[in-house]
Amino acid sequence: MGLREWALGGVLLSPFLIYVLLALLLTGALRALLRVAGLSRWIWHEALFDFALFICVLSLVTTLL
């Protein structure tokens with residue numbers, strides 16, 4: 001896919017925006033999976049864990065795409 005800008009109605013959009021949205025959806029799915037599996041009770045600081053998980057997923061998505 002590359003990191004080339006897209007022109008949408010005269011507005012230049014970075015594909016990184018799509019990477020961020022994809023990472024946000026994957027992070028939400030992972031958090032739901034952790035909650036269903038009962039592993040979320042081991043998380044000490046939920047907001048910090050969510051942010052760290054989002055950064056890890058975002059770096060994985062960026063590397064793969």
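A salt bridge here is a side-chain nitrogen of Lys or Arg within 4 Å of a carboxyl oxygen of Asp or Glu. In this predicted model, Arg31, Glu46 and Asp50 are linked in a network of such salt bridges. The protein chain holds two helices and two strands, arranged along the sequence as β-β-α-α. With a radius of gyration of 15 Å, well over the 11 Å that the globule rule gives for 65 residues, the protein chain is more spread out than a compact globule.

**Overall form**

- Taken along the principal axes, the box filled by the C-alpha atoms of the protein chain is roughly 45 × 20 × 20 Å.
- Buried residues make up 18% of the 65 residues of the protein chain.
- The exposed surface of the protein chain comes to about 5,100 Å², and 75% of that area is supplied by carbon and sulfur atoms.
- Among contacts in the protein chain with a separation of 6 or more, 47% are between residues 24 or more positions apart.

**Helix 1**

- Helix 1 covers residues 15–37, and its 23 residues should span 33 Å at 1.5 Å a residue; the end C-alpha atoms are 33 Å apart, which agrees.
- The buried residues of helix 1 are Pro15, Tyr19, Ala23, Thr27 and Arg31.
- An α-helix has 3.6 residues a turn, so residues three or four places apart point the same way.
- Strand 1 (6–8), strand 2 (11–13) and helix 2 are the elements against which the buried residues of helix 1 pack.
- Gly38 follows helix 1 and has a positive phi, near 85°.

**Thr27 and Ala32**

- Thr27 has its place in helix 1 and counts as buried because its relative accessible area, 7%, is under 20%.
- Outside its neighbours within four places in sequence, Thr27 is in contact with Asp50, Leu53, Phe54 and Val57.
- Ala32 also belongs to helix 1, but at 36% relative accessibility Ala32 counts as partly exposed.
- Ala32 and Leu60 are 28 residues apart along the chain, and their C-alpha atoms are separated by 19 Å.

**Salt bridges**

- The count of salt bridges comes to two.
- In the pair of Arg31 and Glu46, the closest N and O atoms are 3.3 Å apart.
- That pair links distant parts of the chain, with Arg31 in helix 1 and Glu46 in helix 2, 15 residues apart.
- In the pair of Arg31 and Asp50, the closest N and O atoms are 2.6 Å apart.
- Because Arg31 lies in helix 1 and Asp50 in helix 2, this pair ties together parts that are 19 residues apart in sequence.
- Arg31 is buried, with a relative accessible area of 7%.
- Glu46 is partly exposed at a relative accessible area of 45%, and Asp50 is partly exposed at 27%.
- Asp50 therefore appears in two settings: as a salt-bridge partner of Arg31 and as a contact of Thr27.

**Loop between the helices**

- Trp44 lies in the loop between helix 1 and helix 2.
- The relative accessible area of Trp44 is 77%, so Trp44, being over 50%, counts as exposed.
- The C-alpha atoms of Trp44 and Val61 are separated by 26 Å, and the two residues are 17 residues apart along the chain.

**Nonpolar surface patch**

- Leu22, Leu26, Leu60, Leu64 and Leu65 form a nonpolar patch on the surface, and together they have about 470 Å² of accessible area.
- Helix 1 and helix 2 (46–64) each supply at least two residues of the patch.
- Leu64, one of the patch residues, is found in helix 2 and is exposed, with a relative accessible area of 65%.

Definitions and conventions: Residues are numbered from 1 along each chain as its sequence is written. This is a predicted model: local features need pLDDT of at least 70, side-chain atom pairs count only at pLDDT 80 or more; totals for chains, interfaces and linings use all residues. Side-chain values use heavy atoms; hydrogens and water are left out. Helices (H or I, at least four residues) and strands (E, at least two) are DSSP runs, numbered from the N terminus. The radius of gyration is taken over C-alpha atoms; the globule rule is 2.2 Å times the number of residues to the power 0.38. Buried means under 20% relative accessible area, exposed over 50%, partly exposed in between (1.4 Å probe, protein chains only). Contact means heavy atoms within 4.5 Å. Accessible areas come from the Shrake-Rupley method with a 1.4 Å probe; for residues, only the protein chains shown count as cover. Patches are made of residues with over 30% relative accessible area and no salt bridge: like charges are joined within 9 Å, nonpolar side chains (Val, Leu, Ile, Met, Phe, Trp, Tyr) within 5 Å. The expected span of a helix is 1.5 Å times one less than its number of residues.
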